[in-house]
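Q: Please take a close look at the ligand site. What surrounds the ligand, and which polar contacts does the protein make with it?

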Amino acid sequence: MSATAGAELTAATLATHVDVLIVGAGISGIGSAYHLQEQCPGKSYVILEMKDTFGGTWETHKYPGVRSDSDLYTFGYRFKPWVGAPIASADEILKYMGEVIAENGIAPQIRYGHRITKATWDSKTNLWTIETSTRDGASHILTCNFLWMCQGYYDHEKPYMPDWAGMDKYKGLLVHAQLWDPKIDYTGKKILVIGSGATAATVIPAFAEKAAHVTMLQRSPTYFYCSENKNELADKLRAGGIDEPTIHRVVRAQIMHDQDVMTKRCIEEPDAVFEDLKALVRAFTGKEDFPFEPHFTPKYRPWQQRLAFCPEGDIFRAVVEGKVSAVTDELETFTEKGVRTKGGVEIEADIIVAATGFNLLMMGGIPFEVDGQPVDWHETINYRGMMFTGVPNMVWVMGYFRASWTLRVDMLGDFVCNLLNHMDEKGAKRVEVALRDEDAGMPLGDWIENDNFNPSYLMRGLKDLPKRGDKPEWRHNQDYWAERGEIPKTDLEGSEFLYDGVRAGKKVTEVA
Ligand SMILES: Cc1cc2nc3c(=O)[nH]c(=O)nc-3n(C[C@H](O)[C@H](O)[C@H](O)COP(=O)(O)OP(=O)(O)OC[C@H]3O[C@@H](n4cnc5c(N)ncnc54)[C@H](O)[C@@H]3O)c2cc1C
C-alpha cells in the first residue's frame, strides 16, 4: 500500500463519524494511529492533516542540511527499529515514517488537505464536531467521540520573524529558515545567519560547504555537543549478527541511560559538563587553543535550552577553516548591504537567513468550544501535559524538549489506548480531569518554569498555554525518566478522573 498523499477514498476517509479523530500526520499523529490500531482494534479513526502529505516538521523544513538533532534510536518509534546512523536527515525520517504508514495500512485513514477550523464539544451528545476546510474552499463536518491532538506546537506557516529596524532598506535576499526554498542558489554567496540555536547549528555548516563565507550573528551563545554520527554499540551488535529489533531495544536503553546521566550532570555539575563539551570541540578541531570566549560561552546552564548537536564538530571545524565566523551582539538595524549591530559591527551579506525560531501555536490555532463556551487554554489546568480541566474526551500530545519527542508519543499512545479501553469496560462515554479535594488551594503557575526550560518561543507563548499546579499530576515536568515510571502506572480510577460526570475512585461524589 502506498504511503504517499492522496489516499484513495475508502470507507474510513469518507466517514462522517469516527470513534477517534487524530489531528496531524506528523511523527505524533502517525505513531498514535499505530498504537490505536494495535491496542484498540475495534475503534474507527481518521487522521486529518492540512498539508498534502505526511511528515509535519520534517516536511515543513527544507533548509540545507535539515536533520534531527536527537538520535533516531530514541526519536524513532519503539515499535520500528532504526537501522541507520543515529542522526538522520529529514528525507531519511520521512522515508522511515512512510514505511510505518505502509507497513501498518495507515494510508487509507489519512485525509490530506483538511485544515481543521473549529472543534466543538456538546455534552448532550458527548461528541466533538470538527469543521474542516479544503483548498477548494469547501467545508466539511465530522463528528467523533474522542479527539487526539497531534498538531505539534508551532505555526507551520508563520515562523517568528522579529520586526527589525530598516528591514525594507536591505537589497539582498532575506528569508526565514522555516520558509527556505531549496531552489535558492547560495553558491559563492556571503551569508548571514541570525540566531544560534539548533537550526543555526545545522544550516551554518551546510551553507559553509558552498558559500563564500557564513557569519553567525547571535545575541547570546549556545551550548554545542560534538560527536561522531555513529553508535558504536549498534555497530558492534550489527557486526555480531544481532537482529535489528534487539539492537533497537538495547541501543535505545543505552542512549536513554546516557542521557539520564547527562541531564543529571547538567543540573548538578554544569561547569564540569561545559569543560567536557569544550574538550570535544578541541578533539574534533584539533585546536587545543580553540577560543571559546566570547562566542561559545553561554550565559545559561547546559540543558536549560536544547543542546545543539554538532556531528563531527562540523560548525567548529568550519570556524577553524575560516569559512564561518561569529558575532555576538544585538542587531541594531538592517542596511542596504546587510546589518549593523548595536556595537557598530557592519556585516555584509548577499543572503540573510533568520534562524529566529517559531511562533508557538496552541492546538494548531483551532478555536475550541465546550458547550457553547470558547476554550481559553490559559484558564485550564493541564493534567500531566496531556489533558485539560473542563475539556472532555481529548488528549494533547506534547513531547519532550530534552529527550526525544517520540518517547512521549509512544508513552501517551499506551495511555490513551488504556483510557479508551477503560471507558469501554465501564461503558463511559465521557472522561475528563478535575482538581481533587487535596488539590484545593494548589498554587498555579505558568505551564513551564523559566528555570526548567526557557527558549524564547515558549516564553513568548506562555500566555496561550495552560496552567500548571505543583503536584506531579498537574504538570508536564519534561522528565522522561520520571514519567516512564509514573504514566504507565496511572490509576485510571484515580479521583482526578471523572467518567460521565462522576468522579472516579472510592469516593463516588457527583460533581456539579
Ligand atoms: C527543524 C526541527 C528539528 C527538530 N528536531 C528534533 C529532534 O531531533 N528531536 C526531537 O525530539 N524533536 C525535534 N524537533 C521538535 C519536533 O517538532 C518534534 O520532535 C516532532 O517532529 C513534532 O512532531 P508532531 O507530529 O508532534 O508535530 P508536527 O511535526 O508539527 O506535525 C503536526 C502536523 O499537524 C498538522 N496540523 C497542525 N494544525 C492543523 C490543523 N489545524 N488542521 C490539520 N492539520 C494540522 C501540521 O500540518 C503537521 O503536519 C525538531 C523541530 C524542528 C522544527
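**The ligand site**

A: A polar side-chain atom of Ser70 lies 2.6 Å from a nitrogen atom of the ligand, a polar contact in the sense of a pair of N or O atoms within 3.5 Å. This is a predicted model, in which local features need pLDDT of at least 70 and side-chain atom pairs pLDDT 80 or more, while totals for chains, interfaces and linings use all residues. Residues are numbered from 1 along each chain as its sequence is written, and side-chain values use heavy atoms, with hydrogens and water left out.

The backbone takes part as well. Ile116 places a backbone N or O atom 3.0 Å from a nitrogen atom of the ligand, and a polar backbone atom of Trp405 is 2.8 Å from a ligand oxygen atom. The protein buries 97% of the 980 Å² that the ligand exposes when taken alone (accessible areas by the Shrake-Rupley method with a 1.4 Å probe).

The shell around the ligand holds 33 residues, counted when one of their heavy atoms lies within 4 Å of the ligand. Ser28, Glu49, Asp69, Ser70 and His156 are the closest. By class, the shell has 14 nonpolar, 14 polar and five charged residues; Ala, Val, Leu, Ile, Met, Phe, Trp, Tyr, Cys and Pro count as nonpolar, Asp, Glu, Lys and Arg as charged, and the others, Gly among them, as polar.

Helix H2 (27-39), helix H3 (57-60) and strand E4 (115-122) each contribute at least two shell residues. Helices (H or I, at least four residues) and strands (E, at least two) are DSSP runs numbered from the N terminus.

How values were computed:
A polar contact is a pair of N or O atoms within 3.5 Å; within protein, one must be able to donate a hydrogen and the other to accept it, and residues adjacent in sequence count only if both atoms are side-chain atoms.
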